[in-house]
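Me: I should like a close look at a single part of this structure, namely one helix and the elements that pack against it. Please treat the contacts in one connected account.

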Amino acid sequence: MKVYKPIEIARIVGVSTSALRHYESWGIVPKPERFENGYRKYTDVHLAYFRCLRAMFPAFGHALTSEVVLDIKNGDQDQAFWRMNKAQADLQYEKMTTDQTLEMLRNPELPLSLKGTVKEEMTIGEVAEITDVLPSSIRHWEKEGLITPKRNLENGYRIYQSTHVRQILLLRTMRKTVFFY
């Protein structure tokens, strides 16, 4: 098996040697043996881990990548595959929602096809369920002036209509793709 110095691995994967040490300190790369002088002795296995990390980070982020690589390191490939499967399903759902929102912007008369039924008047809980947005996010957007639901004069509850559902879907899409609210 070939043995690499840290600088060799760093050059191959395009990172600094300190980044290699960070990955190692996070526990997502197997601990390398050491040369007599104390330098790390990386192998092809380490190179494979570093290449995997560098390939996955841009697409899946540090958190998910670290979890998946730890699963693999711990011998739980099934769990790693399930994590990746869920991430891809979530990504597909986001794409579907974004496509629907874009189509809604192109054609305001287009009927909404969501999880639930859009009624003439809805509560915040109903709107949250339909749009897959937390009520706290909806309230925050109202506080910021991005949506303005009517209020029930008797009890003060918010009353949402289909226009608000469209606005919330747009905000949700923008948050996921642009603003990271």
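Reply: The account below centres on helix H3 and turns to its surroundings one by one. The model is a predicted one, and every statement should be read in that light.

The setting comes first. The chain contains 7 helices and 5 strands, arranged along the sequence in the pattern β-α-α-β-β-α-α-α-α-β-β-α. Its radius of gyration is 24 Å, whereas a compact globule of 181 residues would have a value near 16 Å. Taken along the principal axes, the box filled by the C-alpha atoms is roughly 80 × 30 × 25 Å.

Helix H3 spans residues 44–73. One of its partners is a sheet, which is open, has 3 strands in the order S1-S3-S2, and is paired in the antiparallel sense. Strand S1 (3–4) and strand S2 (33–34) form the edges, each pairing on one side only. Between S1 and strand S3 (residues 40–43) there are 2 bridges, again antiparallel, and Tyr4 is placed opposite Tyr42 of S3. H3 lies across S1 and S3, and its direction makes an angle of about 80 degrees with S3.

Another partner is helix H1, residues 6–13. The axes of H1 and H3 are 10 Å apart and form an angle of about 35 degrees, and the crossing is right-handed. From H1, the residues Ile9, Ile12 and Val13 take part; from H3, Leu47, Phe50, Arg51 and Arg54 do so. By class, the residues of this contact comprise 5 nonpolar and 2 charged, with no polar residue.

H3 also packs against helix H4, which covers residues 77–106. Here the two axes come within 8 Å and cross at roughly 155 degrees. Because angles over 145 degrees count as roughly antiparallel, H3 is described as roughly antiparallel to H4. The crossing of H3 with H4 is right-handed. On the H3 side the contact involves Met56, Phe60, Leu64, Glu67, Val68, Asp71 and Ile72, and these meet Gln77, Gln79, Ala80, Arg83, Met84 and Ala87 of H4. The residues of the contact divide into 8 nonpolar, 2 polar and 3 charged.

To draw the picture together, H3 lies across S1 and S3, packs with H1 through residues that include Leu47 and Phe50, and meets H4 through residues that include Phe60 and Leu64.

Technical notes:
Residues are numbered from 1 along each chain as its sequence is written. This is a predicted model: local features need pLDDT of at least 70, side-chain atom pairs count only at pLDDT 80 or more; totals for chains, interfaces and linings use all residues. Side-chain values use heavy atoms; hydrogens and water are left out. Two strands pair if DSSP finds at least two bridges between them. Helices (H or I, at least four residues) and strands (E, at least two) are DSSP runs, numbered from the N terminus. Contact means heavy atoms within 4.5 Å. Axes are lines fitted to C-alpha atoms, for helices over the stretch in contact, and angles run from 0 to 180 degrees between N-to-C directions. Angles under 35 degrees count as roughly parallel, over 145 as roughly antiparallel, 65 to 115 as roughly perpendicular and the rest as oblique. A crossing is left-handed if the near helix is turned anticlockwise from the far one by less than a right angle, and right-handed if clockwise. Ala, Val, Leu, Ile, Met, Phe, Trp, Tyr, Cys and Pro count as nonpolar, Asp, Glu, Lys and Arg as charged, and the others, Gly among them, as polar. The radius of gyration is taken over C-alpha atoms; the globule rule is 2.2 Å times the number of residues to the power 0.38.
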